[in-house]
Structure formats: structure tokens, C-alpha cells
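Thanks for coming, everyone. Please look at the structure as I talk. I will begin at the ligand.

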Amino acid sequence: MTVDYIIIGQGVCGTWLSYYLLHENKTFVVIDKEDLQTASNVSSGLINPVTGRRVVTTWMADKLMPFVWQEYNAASSFFNTQSINQKNVLVFPSAPDLQNAFQSRIKQQNSYIQSPGITKEELHSYFYFPFDVFEIAPCYVVSMHEFLSSCRKFLLQQNLLINEMFDENEISFQDDFVQYKNIQAKKIIYANGIQSSFSMYWMKLPFINNKGQALIAEIDGLNSNYTYKFGHLTLIALQTNFWWIGSSNELNFQTTEPTEDFKQTTTTSLQSILKMPFAIKEHWASLRPATVERRPFVGTHPVYKQIAILNGMGSKGCSLAPWFAKELVKHLEYKNPIDPLADVQRFSKMLSDNI
Ligand SMILES: Cc1cc2nc3c(=O)[nH]c(=O)nc-3n(C[C@H](O)[C@H](O)[C@H](O)COP(=O)(O)OP(=O)(O)OC[C@H]3O[C@@H](n4cnc5c(N)ncnc54)[C@H](O)[C@@H]3O)c2cc1C
């Protein structure tokens with residue numbers, strides 16, 4: 001088989017690469033071993049333009065917010081699904097300094113922060129909270145499982161996906177192409193999440209694997225038009241009465257599996273804020289492919305020109321992946337530049353040493 005590209009991985013990065021390559025009429029095959037506990041599958045799919053205790057606008061938010069809304073809607077209709085909804089975040093500050101930070105952003109006319117469009121009475125019927133509540137708008141929630149599985153179904157129907165592990169030892173480089181088993185390609189694109197940090201070609205990149213856990217809880221009657229945020233605890237409606245509750249950000253962990261400790265702490269926190277009964281149904285864990293500088297790795301290897309990477313999305317994969325997948329495809333096809341803050345060429349020396 002001869003193709004333009006081999007994509008390793010069908011998480012959110014591989015899915016968006018597939019979408020943009022289809023639109024460029026390129027030939028490709030995706031190699032992805034199905035796994036429901038990948039970062040993309042356990043993600044809550046939240047796209048939020050404001051972050052942190054200092055209440056700052058996230059990197060590229062002004063460009064990304066309109067872009068993701070348009071692109072997820074377009075891709076969802078292409079893959080015959082519905083995957084993105086606007087669900088603004090209601091923030092419940094836990095201390096006066098956070099409340100003050102929000103109030104001063106409103107005074108500074110930060111266009112993403114406003115007073116809630118839901119009554120305090122309604123909120124008091126759901127939650128215990130001591131301070132003012134703020135609304136971040138717009139925020140979106142992508143149903144990641146829906147989005148990934150509709151793309152996977154499409155790729156399988158078109159014979160564009162091989163459901164197996166990619167074995168790097170099977171790569172052999174030729175002058176202007178690369179051979180992988182019986183497949184000849186112009187390039188291989190690594191979109192395999194944390195597994196790239198073990199690749200012999202990419203392991204020198206400053207990856208940090210950041211573990212995140214979440215509980216899935218059944219809660220009857222909580223208004224699912226909004227997302228609710230209490231410190232590290234975020235409640236996101238997955239479907240009627242089912243809520244994603246998370247998450248942790250763990251840099252030191254003994255196991256990649258869900259832990260009893262997280263379950264107990266999160267359940268206790270939920271009991272302290274929620275006035276309604278709930279039942280824990282599932283417990284998920286995965287590793288985010290994060291980076292030391294909190295910027296992605298996008299572009300071609302400085303030595304092995306036949307391989308490229310789309311990775312390092314950290315906790316922002318749902319918004320960064322479509323943008324940088326498009327940028328990478330335009331770079332590979334038309335030599336368009338990649339944002340220097342994301343271009344993997346910034347690690348050119350590191351990746352070239354001792355080869
Ligand atoms: C608990 C949690 C909550 C999160 N919440 C959010 C959120 O609300 N918003 C947000 O924007 N981001 C969120 N993230 C981060 C986001 O999920 C990641 O940034 C993103 O999913 C990374 O996507 P990826 O495609 O790079 O990697 P992955 O999702 O890990 O996908 C890689 C794919 O490659 C496959 N693969 C790997 N190695 C091989 C191999 N050798 N052969 C074949 N297949 C292979 C894997 O099976 C997988 O399908 C969250 C992450 C976690 C863990």
C-alpha cells in the first residue's frame with residue numbers, strides 16, 4: 001500500500017489530522033489500537049477561555065473560541081454526529097480573593113466574564129456556596145467519546161484505520177519516503193499522546209505526563225445547560241443526569257489506574273457542595289501529554305524529515321488540537337509556517353544531539 005501519510009493514534013490529535021487530510025484529498029491510514037482509557041476518551045471536553053486563580057484569558061483564546069465552534073460543528077456534520085454544545089461555566093469562588101479577582105476582571109471589561117444568567121435562588125437549590133457566582137461565556141463542551149467514535153466509524157468504513165499497535169522498530173527510512181511493514185508513505189505523523197514520550201525519535205522532548213482522574217455520577221434534576229466549577233472540582237453534564245466530576249492534576253503517581261484516594265476525596269468534596277443526592281457510577285483515569293513549557297509539539301523532525309509530530313496538548317487538547325492539526329497539514333502540504341511557540345523546531349538541537 002502507498003499513501004501520503006501514516007497517522008499514529010486516533011485521539012483528538014489524530015482525529016483532526018484525519019479530517020484536514022481528507023479535506024486536502026490526501027491519502028492516509030491511521031494506526032490506532034482501540035483503548036477507552038486514553039486522555040481524549042476520559043476528557044470532559046471542556047473549552048474554557050479563562051483560567052487560574054488570577055482569572056486570566058488562556059493562550060490564543062480570542063482566535064480559538066470562534067475557530068473551535070465553527071470547526072467542531074463542521075467536522076461533526078461531516079462525521080454525521082453532534083458533538084459540541086455551549087455550556088457556560090459558572091464559577092463559585094471559595095475565598096474572597098478569587099471573588100475579588102473576578103470582580104476586577106468585570107470592571108476591566110473582560111468580555112468573557114459576566115454575572116450569571118441563572119437566578120441565585122435556582123443555584124441555592126442545588127449547591128451550598130458562600131460568595132458571588134460568575135459566568136464565563138462562551139464555554140463549550142465537546143462530547144469527546146461521540147466525536148472520536150463517529151470519526152472512527154467513518155475511517156473504518158473507508159478502510160482508513162488499522163486497529164493495532166504501531167511498532168516503531170518496523171520503520172525504515174528511504175530517501176524520500178518511509179516504509180512501515182507493507183505501507184509506503186511520504187511521512188509518518190506521531191499523534192499517539194503520551195506514547196510519543198517513549199519514542200526513540202521524540203523521547204528527548206520535554207514531556208510531562210500529568211495524570212487526571214474523574215468520577216461519573218448520576219445526579220437527578222441538576223440544570224445541565226451549565227458547567228459548574230468549585231476550585232479543582234468541575235461538574236460537566238455528559239448526558240441527561242450523568243455528570244463528569246473531576247479532576248486531579250497529578251505529577252507524581254504510583255499507578256496510572258484510578259485510585260481509591262481520589263474517589264474518596266472527590267466524593268467528600270461533592271457532598272460538601274451539592275444539596276442533591278448523587279450516585280457514583282464510574283471512575284476514570286488517564287495521562288495528559290503535557291509539556292514543561294505548556295506549549296504543544298508540532299512539526300517535522302529536524303533530522304528524520306519523514307516523521308512529524310502533533311502532540312503535547314496538555315490540558316487543552318480539545319481546543320488546541322484542531323488549530324494545530326490544521327496548521328501542521330498546511331505546513332506539510334504548502335510549507336506554511338507553524339507558530340514558533342509550538343513548532344518542534346525549537347528543540348532542534350536537543351533532537352539532533354547524538355544521532
Ligand atoms: C482527566 C482528564 C480531563 C481532561 N479534560 C480536558 C478538557 O476538559 N479539555 C481539554 O481541552 N483537554 C482535557 N484533557 C486533556 C486532553 O484530553 C488531551 O490534551 C488530549 O486528549 C490529548 O490528545 P492526543 O490525541 O494527543 O492523545 P490521546 O488521547 O492519548 O490519543 C493517542 C491515541 O494514540 C493511540 N496510541 C498510542 N500509542 C499507540 C501505538 N503504538 N499504536 C497504536 N495506537 C497508539 C492511543 O490508543 C490513543 O487512541 C483532559 C485529560 C484528562 C486525562
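A backbone N or O atom of Gly45 sits 3.4 Å from an oxygen atom of the ligand. That is a polar contact, meaning a pair of N or O atoms within 3.5 Å; within protein, one must be able to donate a hydrogen and the other to accept it, and residues adjacent in sequence count only if both atoms are side-chain atoms. Leu46 offers a polar backbone atom, 2.9 Å from a nitrogen atom of the ligand. Ser40 uses its side chain: an N or O atom there is 2.5 Å from an oxygen atom of the ligand.

How much of the ligand's accessible area does the protein cover? The protein covers 94% of the 1,000 Å² that the ligand has on its own. Accessible areas come from the Shrake-Rupley method with a 1.4 Å probe; for residues, only the protein chains shown count as cover.

A word on the source. This is a predicted model: local features need pLDDT of at least 70, side-chain atom pairs count only at pLDDT 80 or more, and totals for chains, interfaces and linings use all residues. Residues are numbered from 1 along each chain as its sequence is written, and side-chain values use heavy atoms, with hydrogens and water left out.

Now the shell around the ligand. There are 35 residues around the ligand. Near means that one heavy atom of the residue lies within 4 Å of the molecule or strand in question. Which residues come nearest? Asp32, Ser40, Ser44, Phe166 and Gly314 do.

By class, the shell has 13 nonpolar, 16 polar and 6 charged residues. Here Ala, Val, Leu, Ile, Met, Phe, Trp, Tyr, Cys and Pro count as nonpolar, Asp, Glu, Lys and Arg as charged, and the others, Gly among them, as polar.

Where do shell residues come from? Helix H1 (12-23), helix H2 (39-42), strand S19 (279-291) and helix H8 (317-334) each give at least two. Helices (H or I, at least four residues) and strands (E, at least two) are DSSP runs, numbered from the N terminus. Two domains also contribute: domain 1 (2-42 + 145-207 + 293-352) and domain 2 (53-59 + 81-141 + 209-290) each supply at least three shell residues. Those domain bounds come from an automatic or database domain assignment.

Next, charges. How many salt bridges does the structure hold? The structure holds 11. A salt bridge here is a side-chain nitrogen of Lys or Arg within 4 Å of a carboxyl oxygen of Asp or Glu.

Take Lys330 and Glu24, whose closest N and O atoms are 2.8 Å apart. Lys330 lies in helix H8 and Glu24 in the loop between H1 and strand S2 (28-31), so this salt bridge ties together parts 306 residues apart in sequence. Is each partner buried or exposed? Glu24 counts as buried, at 16% relative accessibility. Lys330 counts as partly exposed, at 26%. The cut-offs: buried is under 20% relative accessible area, exposed over 50%, partly exposed in between (1.4 Å probe, protein chains only).

A second pair is Arg53 and Asp97, with closest N and O atoms 3.2 Å apart. Arg53 is in the loop between strand S4 (50-51) and strand S5 (56-57), while Asp97 is in helix H4 (residues 96-107), 44 residues apart. Arg53 is partly exposed at 48%. Asp97 is partly exposed at 46%.

A third pair is Glu293 and Arg346, at 2.9 Å between the closest N and O atoms. Glu293 lies in the loop between S19 and strand S20 (297-300), and Arg346 in the loop between H8 and helix H9 (348-352), so the bridge connects parts 53 residues apart in sequence. Glu293 is partly exposed at 39%, and Arg346 is partly exposed at 27%. Elsewhere, shared partners join Asp32, Glu34 and Arg152 into one network of salt bridges.

Last, the backbone. Most residues other than glycine have a negative phi, and most peptide bonds are trans. Now look at Ala137 to Pro138: that peptide bond is cis, with omega near 0 degrees. Pro138 is in the loop between strand S9 (134-136) and strand S10 (140-142). The bond from Gly246 to Ser247 is also cis, with omega near 0 degrees. Ser247 belongs to the loop between strand S18 (242-246) and helix H7 (260-273).

Then phi. Asn159 is not a glycine, but has a positive phi of about 55 degrees. Asn159 is in the loop between helix H6 (144-157) and strand S11 (161-162), and is exposed at 67% relative accessibility. Lys335 has a positive phi too, near 60 degrees. Lys335 is in the loop between H8 and H9, exposed at 74%.
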